[in-house]
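Open your viewer, load the model and keep the selection box handy. We will go stop by stop, with something to pick at each one.

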Amino acid sequence: MIDEACRTLHLPTIRSRWEELAATALKERLTFKDFLADLLEAECLQREERKKARLVREANFPRPKRLEDFEFDKNRNIVPEQVNTLADPAWVKAGLPLCLIGDSGTGKSHLLIGIGTAIAEAGLRVRYTTTANLVNELAEAADEKKLARTLARYVRVDLLCLDEFGYLDLDKTGAKLLFQVFTEREERRAIAIASNAPFSEWKQTFTDPRLCSAIVDRVTFNAHIVETGTDSFRLAQTQKRHRQG
């Protein structure tokens, strides 16, 4: 009867653990109320863990990365206190931007995914994509008369993580499509960008000077800016392995 009731009420943790918790309650001579509280607490905790896992999975990160695994001692440009503050979802709820600027191999993608993971585990909706993939998806949606639906999917998430921002040259159409995403999210939904180019070089990505200026204004206004420097951690690790070999 307990098994069937738990299936009907969608209580998988109570269904799998009630015997274990009942045995513990008998051993420790808990009251009925304490036993019930333990059952419900176990279900709530497990449900919260499942929610975190689902939100991280739906964020579509390309690989698992966590802030606690970042080796701050390998990149002295990055201040741990600043990065760890970004694990708190307050800036996301306020709709503020985040810019991670630095050369390839300096930890931008790790930080972007790690921060995004922390925000997802805090219960907010996150979406990760590369800038090229986003522009291509928007262009295909425009061709198929589905642009509004695709834009809505990227606008309604709490945090949009855009990686590899400085690796492409956008034509006017692609730049305008990306600008639409920024405009729709401005001061309402947070956006985090990882770019290998400083702001002064974004004109190479956005060939229209006015559009470039408007985009820079939107992603830097009240933004958190983390500069990761120019020394490649990946290159240093490769050179170290070669020396050891």
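Here is a short tour through a helix, a loop residue, a strand and some aromatic rings.

Before we start, note that this is a predicted model, in which local features need pLDDT of at least 70 and side-chain atom pairs count only at pLDDT 80 or more, while totals for chains, interfaces and linings use all residues. Residues are numbered from 1 along each chain as its sequence is written, and side-chain values use heavy atoms, with hydrogens and water left out.

**Stop 1: a helix**

Select residues 32-58, which are helix α3. Helices (H or I, at least four residues) and strands (E, at least two) are DSSP runs, numbered from the N terminus. With 27 residues, α3 reaches 39 Å from its first C-alpha to its last, close to the expected 39 Å; that expected span is 1.5 Å times one less than the number of residues.

Which residues of α3 are buried? Pick L39, A42, E43 and L55. Buried means under 20% relative accessible area, exposed over 50%, and partly exposed in between, with a 1.4 Å probe and protein chains only. Now show α2 (12-28) and α6 (108-121), which are among what covers these buried residues of α3. Following α3 you will find N60, with a positive phi near 70°.

**Stop 2: a loop residue**

Move to L96, in the loop between α5 (90-93) and β1 (97-102). L96 counts as partly exposed because its relative accessibility is 22%. Add E187 to the selection: the two are 91 residues apart in sequence, yet their C-alphas are 6.3 Å apart in space. Leaving aside residues up to four places away in sequence, L96 touches W91, A190, I191, N222 and H224, where contact means heavy atoms within 4.5 Å.

**Stop 3: an enclosed strand**

A190 and I191 take us to β4, so select residues 190-195. Six of the six residues of this strand are buried, so β4 is largely enclosed by the rest of the structure. Show its side chains: A190, A192 and A194 point one way, I191, I193 and S195 the other way, and all are buried.

Which strands are joined to β4? One is β1, which runs parallel to β4 and is joined to it by five bridges; look for C99, whose bridge partner in β4 is I193. Another is β3 (residues 159-163), also parallel to β4, with four bridges; here L160 has I191 as its bridge partner. Two strands pair if DSSP finds at least two bridges between them.

**Stop 4: aromatic rings**

How many aromatic pairs does a search of the whole structure find? The search finds five. Rings of Phe, Tyr and Trp (its six-membered ring) pair if their centres lie within 6.5 Å; planes under 30 degrees apart count as stacked, over 60 as edge-to-face and the rest as tilted.

Select F61 and Y128: the ring centres are 6.1 Å apart and the planes are at 55°, so this pair is tilted. The pair links distant parts of the chain, 67 residues apart, with F61 in the loop between α3 and α4 (80-85) and Y128 in strand β2 (residues 126-130). F61 is buried at 14% relative accessibility, and Y128 is buried at 6%.

Next, pick F165 and W202, a tilted pair at 4.6 Å centre to centre with 50° between the planes. F165 lies in the loop between β3 and α9 (172-185) and W202 in the loop between β4 and α10 (209-220), so the pair ties together parts that are 37 residues apart in sequence. F165 is buried, with a relative accessible area of 1%, and W202 is buried with 1% too.

For the last view, add F182 and F199: together with F165 and W202 they form one aromatic cluster.
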